[in-house]
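Subject: Structure for your review

Hello,

Here is the structure I said I would pass on. My notes on it follow below.

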Amino acid sequence: MAKLSVVGIGPGSPDYVTPAARKSVRGAELVVGAERSLSLMKSEIRGVEATLTARNMNELLELAVAAAEEGKEVAILSTGDPGFSGLLRPVARHAQGRRVDLCVIPGISSIQACAARLCMSWEDAGLFSLHRGAPPEKWSELARTIKEGRDIIVLPDQKASSPREIVRFLLSQGLDRRTPVFVCESITLRGERIVGSTLENASELDFDPLCVVVVKGTGSREGS
Ligand SMILES: C[S@@+](CC[C@H](N)C(=O)[O-])C[C@H]1O[C@@H](n2cnc3c(N)ncnc32)[C@H](O)[C@@H]1O
């Protein structure tokens, strides 16, 4: 049975790609990934490349699983770590019940890279991905977590949940407008920017769509 590897390739800079990820990609006969991911791993790719898009996702993952079943070594590139809002979930769904040896090469998540930029310990933080389709309970949990005194680290979505929408939602939940917010844009990439603000000020700002939002868990209700 050949390996179907879901390979975490980090937040974007080649400096943050692990040797294990490079080795796995070098050994793959088929490498599947988004254009940006394939370009990052270009120097390691020896096999056939297939470009993943939102449109061909199901079709291409199916093809990748079938190739692994036929005995080909396959690597599927996932930005950051595959297990947090990455490709592991859809790949595992396709691989379920199939004759493939599914394995995961961990990558440095944008969450880890963001916490590192802010010199922040994150073992007690609430971690959220607010991509399209996130249920209302997830949004409520954001506010609840901060009110409990815990920091939150959020992966926003330009269309479904921009940083501005997130901070406005938190203000609407009665959080103190002076609550500290940090937005880490394009981490490890050219144009990286770390913006420190407050809920009130951040609610008027625009940010790069590629960003991670941190809100400090000190946001008790104003006046209380
Ligand atoms: C589909 S999720 C993938 C997350 C990925 N699995 C991880 O562990 O970082 C994409 C989101 O990750 C965040 N992201 C990924 N790379 C980033 C970077 N270099 N700088 C800032 N945010 C990043 C953004 O919030 C983006 O919308």
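The structure holds 13 salt bridges. Please keep in mind throughout that this is a predicted model.

Salt bridges

I start with Glu 49 and Lys 42, which form a salt bridge whose closest N and O atoms are 3.0 Å apart. Both partners are partly exposed: Glu 49 has a relative accessible area of 34%, and Lys 42 has one of 49%.

Lys 216 and Asp 151 also pair through their side chains, with 3.0 Å from N to O. This salt bridge links distant parts of the chain, as the two residues are 65 residues apart. Lys 216 sits in the segment after β10 (211-215), while Asp 151 is in the loop between α6 (136-147) and β7 (152-155). Is each partner buried or exposed, or in between? Lys 216 is partly exposed at 24% relative accessible area. Asp 151 has a value of 18%, and it counts as buried because the cut-off for that class is under 20%.

A further salt bridge joins the side chains of Glu 200 and Arg 177, at 3.7 Å from N to O. Glu 200 belongs to helix α8 (residues 199-202) and Arg 177 to the loop between α7 (163-172) and β8 (180-185), so this pair ties together parts that are 23 residues apart in sequence. Glu 200 is partly exposed, with 38% relative accessibility. Arg 177 is likewise partly exposed, with a relative accessible area of 34%.

Finally for this section, a network of salt bridges links Arg 22, Arg 26 and Glu 44.

Two buried residues

Glu 185 is part of strand β8. With a relative accessibility of 4%, Glu 185 counts as buried. What does its side chain reach? One polar contact of the Glu 185 side chain is with the side chain of Arg 193, at 2.6 Å. The Glu 185 side chain also reaches the backbone nitrogen of Asp 208, at 2.8 Å. If neighbours within four places in sequence are left aside, the residues in contact with Glu 185 are Gly 191, Glu 192, Arg 193, Phe 207, Asp 208, Leu 210 and Cys 211. Arg 193 and Asp 208 therefore turn up in that list as well as in the polar contacts, as expected because contact is set at heavy atoms within 4.5 Å and a polar contact at N or O atoms within 3.5 Å.

Ala 143 is in helix α6 and is buried, at 3% relative accessibility. Leu 170 is 27 residues away from Ala 143 in sequence, yet their C-alpha atoms are 6.0 Å apart in space. Not counting residues up to four places away in sequence, Ala 143 touches Leu 170, Gln 173 and Leu 175.

The ligand

The ligand is surrounded by 19 residues, and the closest are Pro 11, Phe 84, Ser 109, Ser 110 and Cys 211. Cys 211 is also among the residues in contact with Glu 185.

Which backbone atoms lie by a nitrogen atom of the ligand? A polar backbone atom of Pro 11 is 2.8 Å from a ligand nitrogen. For Thr 79, a backbone N or O atom lies 2.9 Å from a nitrogen atom of the ligand. For Phe 84, the corresponding distance from a backbone N or O atom is 2.8 Å. Taken alone, the ligand exposes 570 Å², and the protein buries 88% of that.

Regards

Technical notes
Residues are numbered from 1 along each chain as its sequence is written. This is a predicted model: local features need pLDDT of at least 70, side-chain atom pairs count only at pLDDT 80 or more; totals for chains, interfaces and linings use all residues. Side-chain values use heavy atoms; hydrogens and water are left out. A salt bridge is a side-chain nitrogen of Lys or Arg within 4 Å of a carboxyl oxygen of Asp or Glu. Buried means under 20% relative accessible area, exposed over 50%, partly exposed in between (1.4 Å probe, protein chains only). Helices (H or I, at least four residues) and strands (E, at least two) are DSSP runs, numbered from the N terminus. A polar contact is a pair of N or O atoms within 3.5 Å; within protein, one must be able to donate a hydrogen and the other to accept it, and residues adjacent in sequence count only if both atoms are side-chain atoms. A residue is near a molecule or strand if one of its heavy atoms lies within 4 Å of it. Accessible areas come from the Shrake-Rupley method with a 1.4 Å probe; for residues, only the protein chains shown count as cover.
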